[in-house]
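Ready for a few hands-on exercises? Load the model in your favourite viewer and try each task before reading its solution.

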Amino acid sequence: MKLPALLALALLLGACQSPNPYLYQSRPLPPAPAGVAGTFDASAYPAPPRDYGRYRSWTWLDGQLPAGNNWATPEQMADMVNSGLDQHGLRQARNPAQADLKVSASLRYERRLRQYDDYGGAYYGSGPWHDQYGAWATVPIVRTYEEQVAVVYLQFYDARDNQPIWSGSGEADANGDRSDSVAALRTAVKEALDDYPPD
C-alpha cells in the first residue's frame with residue numbers, strides 16, 4: 001500500500017475516534033395543566049358496541065299508539081307493529097315500566113318519481129329476404145311517472161336512558177285499492193324491520 005493511501009486511512013481512523021459533538025440530555029416533561037387529571041374525554045374513545053340481544057320487551061314511547069289514517073285505525077297500526085316486533089323476538093311488556101325498549105311508529109304519505117325504459121323498435125331496409133339488406137334497432141325511451149307511497153317509520157329507544165338505538169322504514173304503494181291497504185301496510189312494517197337487529 002502506498003504512503004498517501006496509508007496517510008488517508010490513518011486520518012480517517014483518527015476522525016472516527018474524535019469525541020461526538022452531540023451530547024445526550026434528558027429533560028423532564030412539563031407538568032400537565034391543572035384540572036386535566038380529573039377530566040374524561042369520552043369522545044376520544046369509541047362507543048362500546050350495543051348488545052341488541054338484551055332487548056326482549058318493548059312498550060310504546062310515551063304510551064302513545066301510532067296515529068291512525070284513512071288506511072288503518074291506531075289499533076290496526078299497533079297490531080301490525082306488534083306482530084312485526086313479535087317475529088323479531090320482541091314481546092310487548094305487560095308492565096311498561098319494565099320494558100327494555102320504547103317504540104314509536106308513524107305513517108306518512110310521500111311522493112316518489114319512478115323511471116322505466118320503454119323500448120321501441122324499428123326496421124330499416126328494403127326487405128326481410130336474404131338477398132336484401134336492412135337493420136333492426138331498438139331505442140330506449142326513459143319514461144318518468146309519479147306515484148304516492150305510504151311510508152312506515154319505526155324508531156327504537158333504550159328504555160334506561162331514552163337514547164335512540166335504531167330506526168327503520170318501509171313503504172307500500174298507496175295507489176292501490178283501499179281493500180288492499182292493510183296487507184300493504186303489513187308488508188311495509190315487515191320491510192321496516194328487515195334490518196333489525198343491525199349487524
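**Exercise 1. Find the strand that holds E147, decide whether E147 is buried or exposed, and list its contacts from farther along the chain.**

Solution. Keep in mind that this is a predicted model.
- Step 1: E147 belongs to strand β4, which covers residues 134–158.
- Step 2: The relative accessible area of E147 is 14%. Buried means under 20%, so E147 is buried.
- Step 3: Leaving out residues up to four places away in sequence, E147 touches E110, R111, R112, R114, D173 and N175.
- Step 4: Take R114 from that list. It is 33 residues from E147 in sequence, yet their C-alpha atoms are 7.4 Å apart.

**Exercise 2. Work out which residues of the largest nonpolar core touch the most other members, and which elements contribute to this core.**

Solution.
- Step 1: The core has 31 residues, and L154, F156 and L185 touch the most other members.
- Step 2: Two or more core residues come from each of β1 (57–60), α2 (74–86), β3 (101–125), β4, β5 (164–173) and α3 (181–192).
- Step 3: Now select F156. Beyond four places in sequence, its contacts include L85, L101, V103, I165, W166 and Y196.

**Exercise 3. Compare the span of α3 with the expected one, then explain why its buried residues line one face.**

Solution.
- Step 1: With 12 residues, α3 reaches 16 Å from first to last C-alpha, close to the 16 Å expected at 1.5 Å a residue.
- Step 2: The buried residues in α3 are S181, A184, L185, A188, V189 and A192.
- Step 3: Viewed down the axis of α3, these buried residues fall within an arc of 140°, so they line one face of the helix.
- Step 4: The general rule helps here: an α-helix has 3.6 residues a turn, so residues three or four places apart point the same way.

**Exercise 4. Trace the salt bridges of D158 and say which parts of the chain the pair with R54 links.**

Solution.
- Step 1: The side chains of D158 and R54 form a salt bridge, at 2.5 Å from N to O.
- Step 2: This pair links distant parts of the chain: D158 is in strand β4, while R54 is in the loop between α1 (3–16) and β1, 104 residues apart.
- Step 3: D158 also forms a salt bridge with R160, at 3.6 Å from N to O.
- Step 4: Check accessibility: D158 is buried at 0%, R54 is partly exposed at 28%, and R160 is exposed at 67%.
- Step 5: For a further pair, pick K190 and D194, whose closest N and O atoms are 3.7 Å apart in a salt bridge. Through shared partners, salt bridges join R50, R54, D158 and R160 into one network.

Terms used
Residues numbered from 1 in each chain as written. Predicted model: local features only at pLDDT ≥ 70, side-chain atom pairs only at ≥ 80, totals over all residues. Heavy atoms only, no water. Helix = DSSP H or I, 4+ residues; strand = E, 2+ residues; numbered from the N terminus. Buried < 20%, exposed > 50% of the residue type's maximum accessible area, 1.4 Å probe, protein only. Contact = heavy atoms within 4.5 Å. Core = buried A, V, L, I, M, F, W, Y, C linked by side-chain atoms within 4.5 Å. Expected span 1.5 Å × (residues − 1). Arc of directions from axis to C-beta. Salt bridge = Lys/Arg side-chain N within 4 Å of Asp/Glu carboxyl O.
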